[in-house]
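Reader: I am new to this structure. Please walk me through the reasoning behind some of its labels.

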Amino acid sequence: MTESSMTPDSRAFRNTIGLFATGVTVITTEIKGEVHGMTANAVASLSLDPMLLLASVGKKARMAGLLQEASTFTVNILRADQESLSTFFAGGWKEPEPPPFQFAGWKEQPQMGMTRLENVLAAIACVKHEILEGGDHWIIVGRVVALHQGEPPRSPLLFYGGRYYQLDVTKEHPAPPRRDM
């Protein structure tokens, strides 16, 4: 059996990995006084010491070039009711006017010129730490320099199987008790 006959096709991979539910973020960066944003769900914590996160950005995406140039960026985690922002920053918005949103500065890091989206579930400000090769994507590693948590209720926007979903945070499902072996 050859390696190519054992490799699934990219559509099958995309459909399968799409069954892994993710949160939805908008990555923002400011270049020459203009704020740019891109929807992304390939975001993850990487390290606690030092505090690092990663975001995967397609090499052909406009944001990939901007993040190469930028020294800082923010990962804005969207609320359940912010699907329109996800669509807008993903380039799929069909309406003549954008959905309502505003940018805010970071009180914690005013000297860095970073911005975040207002009224998001949470936001994480980063200084670019490293850019790594990742196939057809760049892996942008950021060193965390500021955190923001939005006001309750803290219900995230989720993406699963190619669609948006909401998590009902009013229902708790505690983990079952641990059974030592």
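Reader: What classes of residue make up the lining of the second largest pocket?
Author: This is a predicted model. The lining of the second largest pocket has 13 nonpolar residues, five polar ones and no charged ones. Asp, Glu, Lys and Arg count as charged, so none of these four types is found in that lining.

Reader: Which element gives the largest share of that lining?
Author: Strand β4 does, with five residues. Among the residues closest to the centre of the second largest pocket are Val43, Ala44 and Ser45.

Reader: What makes strand β2 largely enclosed by the rest of the structure?
Author: Buried means under 20% relative accessible area. Six of the seven residues of β2 (residues 25-31) are buried, so the strand is largely enclosed.

Reader: How do you know that β2 pairs with β3?
Author: Two strands pair if there are at least two bridges between them. Seven bridges join β2 to β3 (residues 34-40), so they pair, and they run antiparallel. Thr28 has Gly37 as its bridge partner in β3.

Reader: What links β2 and β3 in their hairpin?
Author: Two residues lie between them. Lys32, in the turn, has a positive phi of about 50°.

Reader: Why is β6 called a partner of β2 too?
Author: The cut-off is again at least two bridges. Four bridges join β2 to β6 (residues 72-77), so these antiparallel strands pair. Here Ile27 has Val75 as its bridge partner.

Notes
Residues numbered from 1 in each chain as written. Predicted model: local features only at pLDDT ≥ 70, side-chain atom pairs only at ≥ 80, totals over all residues. Heavy atoms only, no water. Buried < 20%, exposed > 50% of the residue type's maximum accessible area, 1.4 Å probe, protein only. 1 Å grid on protein atoms, 1.4 Å probe; cavity = no way out; pocket = protein on both sides within 12 Å on 5 of 7 lines; lining within 4 Å.
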